[in-house]
Amino acid sequence: MNTVLFKSWHALVAATIVAGFMAWSISVTDGSMDRAFQIGTGWGALLLFVVVLGYVLRKYVHKLGISPEFRMRVPIEALEDAETRLAELRVQMAAGRLTDEADILKRAKAILRQARVQRVIKVRLEKSEQGPRTLRAMPTGPLGSVARWMRAHLYYGIAAAVLVGMHGGLSLQSGMALALNGLTLLVVVSGLVGIAMWVTMPRLLTAAEHDLSIEKAHALRESLDRKIEAAYAEIDGPTRAIFEDVDRSPDEFSKRAAAALKAAPARAEGDRSAEDLLALLGQRHGVQKEWAALMRIKRRMNLWRLVHIPGALLLTFAVAIHVLSVLWY
Amino acid sequence: MSELPSEVFELPLLADLTKKQKSLLEDEAYMEVAPAGSVFAHQGEFTGRFCIVLEGGVGAYREEDGVTENLGVYGAGSWIGELSALSNQPELATLRADARCVLLVIEPPLFKQLYRKHGSARSRFQDLVDATYRERSLAIHLRVAPVFRGLPSSKLKLLGREAQLIDVADGDVVASEQDQADALFLVRTGAVKCSATSTRGHERIVSYHMANSSFGERCLTGNRTWPGTYTAIAPTSLIKITEEVFQETLASDAQVLERLRATADLMVAGEETSSTSTGGSVIDIVRPRRPASDQLEIMVGRQSVKGGEALVIDLHRCIRCNACVESCVSVHEDRVPRLSKTGTRVSAGLTLATSCYNCDVPECMMACEYGAIRRDVKGQINFVWDNCVGCQACTTACPYGVISMTPPPAAAGERPRYKRHWFLQTIPFLGKYFEGLRPTGEATPPDDENPLGGLRGDPVKGKAVKCDLCAGLPFEACVYNCPTEAIGRMNPEKLFVDNDD
């Protein structure tokens with residue numbers, strides 16, 4: 001089970017926010033009628049909703065190649081210069097000439113500043129397994145990794161749903177209330193199902209992969225397609241028709257293949273093109289079967305997205321209308 | 001490449017070359033003019049170049065403890081860079097042209113051709129280079145061995161004078177299990193495997209020793225035997241210092257000998273502890289569902305395990321969303337992914353992604369005749385775009401198939417510009433229906449013959465590319481964009497920790 005998906009300080013922040021609003025709801029006599037509480041939960045949910053959408057934004061700015069981080073690129077020469085000087089610092093550390101941690105970090109940061117690479121590299125002192133500290137240089141990652149955003153998405157999404165519930169009192173009477181509460185519930189539940197899938201299914205998929213991973217099966221299938229196409233080109237028309245018929249019906253492949261070989265017109269002695277083609281077809285059926293089984297698991301793992309993504313798009317639209325109408329009127 | 005003057009072949013170092021070697025030299029070596037005062041190699045830099053001074057003089061300056069020492073001035077007929085070329089070591093000193101110099105530059109692949117033995121006999125080139133190596137570099141090279149760290153240069157010089165330089169062939173046994181440990185070895189090039197017989201009676205890998213790694217410190221610690229059988233797993237060059245040499249050379253300095261013994265004691269104690277634990281320097285095979293040892297053998301044989309951290313995918317976390325490959329594509333303007341998930345499965349839940357290992361002995365670098373591949377100070381292998389001619393020698397040489405070719409540039413001297421993904425293509429589930437709108441010039445998708453995609457094998461030549469760890473950017477795209485933290489960098493040695501014995 002991938003528990004990494006749950007380990008985050010965002011859980012604490014989200015829980016604190018929810019606890020704060022719950023305490024507030026207890027302190028007011030009728031939460032759904034208290035204007036300040038309504039506005040507070042509304043803005044709170046909206047802010048959390050924006051953070052939740054931040055995950056999608058973060059993912060797509062990289063996917064589309066428009067992340068501001070791409071413009072932070074520094075020349076390789078500057079990086080090499082910094083690395084050379086950091087290596088010298090490490091030599092001094094190893095020789096015991098530099099021992100004060102604060103001093104080492106100060107020097108390392110000065111090197112990064114002088115080489116003008118501080119935007120892309122940061123330094124940290126780490127205790128190695130052998131004992132002595134090591135000066136480690138690592139990327140700064142200013143926007144934060146997708147995994148971090150993913151966890152924020154998860155916890156703030158749940159918190160936003162709780163706040164939406166407090167805000168509207170889980171009312172389903174008006175169209176807008178039905179849309180907002182219903183869609184929130186739909187998105188949160190599908191999201192939780194998704195998390196459960198992502199946590200448990202990779203192990204199942206890996207176990208099902210045996211000797212052929214899903215990527216290799218896919219590549220192998222495409223390669224066999226090409227080889228079969230080339231093999232078909234080498235045999236005559238009537239034989240091709242017989243084999244294409246065998247290929248179309250994967251059940252009882254061996255039996256049908258043997259029959260097809262007998263039925264095929266006579267060939268010159270030593271011509272094994274038909275046998276080679278049948279071997280390739282057999283291989284493709286095997287790979288196809290394995291690939292299809294793996295794809296079934298993969299599709300199941302991502303089925304929840306069919307509900308979650310359209311639901312989230314509709315919810316965004318409904319929230320936008322709700323906020324605009326509240327501000328307008 | 002300029003034509004070499006005939007006097008070059010009269011130099012003592014080159015006079016006895018074979019006809020074939022001379023022809024190679026003529027074809028591949030080149031002359032370089034260094035103006036007075038110019039620095040052409042910095043201390044600590046990986047160059048791998050071997051240079052013969054034809055005119056002028058080169059000064060070698062080594063900085064140590066804040067003090068710069070002049071190691072000597074090398075005039076016409078002398079040579080520099082033998083340690084770098086032999087052992088892939090960083091330059092020991094900064095090399096500066098004290099006067100205008102003309103140098104004959106020999107790149108690593110050619111150096112290896114010239115240094116090669118002719119049958120069983122050593123060549124004059126080999127003898128002369130080794131003699132210089134022994135005189136100038138051996139003492140400094142010995143410091144690589146942990147046991148010698150901090151030993152005064154004078155003592156190292158004494159040891160170096162008596163050390164033997166030996167060559168062993170692939171498969172040769174250097175020392176046998178249970179024999180008396182009688183010498184300390186330092187690997188110059190190649191690799192040595194130490195294997196012991198386990199309690200169950202099968203061979204168990206205790207450790208691997210690659211270039212600049214030492215073994216046999218136990219010879220200093222009294223009556224001890226070898227912990228396993230040491231076998232060369234590639235043609236290997238070793239420095240051997242016998243126990244007698246230690247005794248004789250350092251006999252007059254009991255304090256130094258005592259210090260060496262104390263350090264060796266500590267190292268042997270550590271070795272023995274780690275050989276019974278699952279961590280440390282012991283590399284063994286874990287939960288092998290397929291012969292992972294073969295992969296390790298290849299990786300170690302090619303010294304990849306020492307190169308850098310490998311890209312590993314935890315399949316129990318990976319949701320197969322392909323974000324790693326897609327993000328790799330988005331940061332590279334040629335849109336050729338530098339990694340493929342169709343790597344080698346090393347255990348039930350871990351896959352070694354097909355991505356550059358920055359091998360310690362990079363075969364791509366050795367194969368490149370155009371100086372387009374170099375190693376930076378971090379040990380990372382980088383491609384120099386402008387020098388690459390698209391000959392594909394590196395793609396053939398790479399044992400892991402991690403080098404791809406980009407599409408050719410639109411016009412000579414221009415880098416290709418490609419459109420990024422269309423927004424429509426990024427929509428979940430529906431994106432594939434817009435694939436037909438793929439911009440022209442985009443790389444071909446990966447397949448089993450070419451797991452990285454790209455245009456390998458395409459008749460029109462492009463440029464060679466491989467994982468550059470997103471150099472210059474504040475992130476490593478594949479790791480940074482994985483939603484489940486399934487992909488990460490890991491020391492390959494840790495992949496092969498024994499749970500078996």
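The place of B:D253 is the loop between α7 (243–249) and α8 (254–276) of chain B. Helices here are DSSP runs of H or I with at least four residues, strands are runs of E with at least two, and both are numbered from the N terminus. B:D253 counts as partly exposed because it has 15 C-beta neighbours inside 10 Å. A residue is buried if 20 or more other C-beta atoms lie within 10 Å of its own, exposed if 12 or fewer, and partly exposed in between, with C-beta atoms placed from the backbone. B:K155 is 98 residues from B:D253 in sequence, and the two are 9.4 Å apart in space, C-alpha to C-alpha.

This is a predicted model, in which local features need pLDDT of at least 70 and side-chain atom pairs count only at pLDDT 80 or more, while totals for chains, interfaces and linings use all residues. Residues are numbered from 1 along each chain as its sequence is written, and chains are lettered from A and ligands numbered from 1 in the order in which they are written.

**Chain A overall**

Chain A has eleven helices and two strands, arranged along the sequence as α-α-α-α-β-β-α-α-α-α-α-α-α. Of its 329 residues, 29% count as buried. Two residues are in contact if their C-beta atoms, placed from the backbone, lie within 7 Å. Among contacts in chain A between residues at least 6 apart in sequence, 71% join residues at least 24 apart.

**Helix α7 of chain A**

Helix α7 of chain A covers residues 214–234. The expected span of a helix is 1.5 Å times one less than its number of residues. For the 21 residues of this helix that gives 30 Å, and the end C-alpha atoms are 31 Å apart, which agrees. The buried residues of α7(A) include A:I214, A:H218, A:L224 and A:A231. Among the elements that cover them are α10 (273–302) of chain A and β18 of chain B.

**The contact between the chains**

In the interface, 41 residues of chain B are in contact with 47 residues of chain A. On the side of chain B that touches chain A, α10 and β18 (340–347) of chain B each supply at least two residues. The largest share, five residues, comes from α10(B). By type, this side of chain B divides into 17 nonpolar, twelve polar and twelve charged residues. Here Ala, Val, Leu, Ile, Met, Phe, Trp, Tyr, Cys and Pro count as nonpolar, Asp, Glu, Lys and Arg as charged, and the others, Gly among them, as polar.

**A sheet in chain B**

Four strands of chain B form an open sheet in the order β18-β19-β17-β24, with antiparallel pairing. Two strands pair if DSSP finds at least two bridges between them. The edge strands are β18 and β24 (487–490) of chain B, each pairing on one side only. The twist averages 40° from one strand to the next; axes are lines fitted to C-alpha atoms, for helices over the stretch in contact, and angles run from 0 to 180 degrees between N-to-C directions. Within the sheet, four bridges join β17(B) to β24(B), and B:I313 stands opposite B:I487 in β24(B).

**Nonpolar cores**

A nonpolar core is a set of buried Ala, Val, Leu, Ile, Met, Phe, Trp, Tyr and Cys residues joined through C-beta atoms within 7 Å. The largest has 103 residues, of which A:A159, A:A160, A:L163, B:C478 and B:C482 touch the most other members. Helix α5 (residues 146–168) of chain A gives the most to this core, with 15 residues. Leaving out residues up to four places away in sequence, A:L163 touches A:F21, A:T41, A:G44, A:A45 and A:L48. A second, separate core has 65 residues, including B:A85, B:L92, B:V187 and B:I233.

**Local backbone features**

Two arginines that have a positive phi are listed below.

| Residue | Phi | Loop | C-beta neighbours within 10 Å |
|---|---|---|---|
| A:R116 | near 60° | between α4 (101–114) and β1 (121–127) of chain A | 14, partly exposed |
| B:R320 | about 55° | between β17 (310–314) and α10 (323–331) of chain B | 22, buried |

B:S237 is in strand β16 (residues 236–242) of chain B. With 19 C-beta neighbours inside 10 Å, B:S237 counts as partly exposed. The C-alpha atoms of B:S237 and B:R188 are separated by 5.3 Å, although the two residues are 49 apart along the chain. Not counting residues up to four places away in sequence, B:S237 touches B:D167, B:R188, B:T189 and B:G190.
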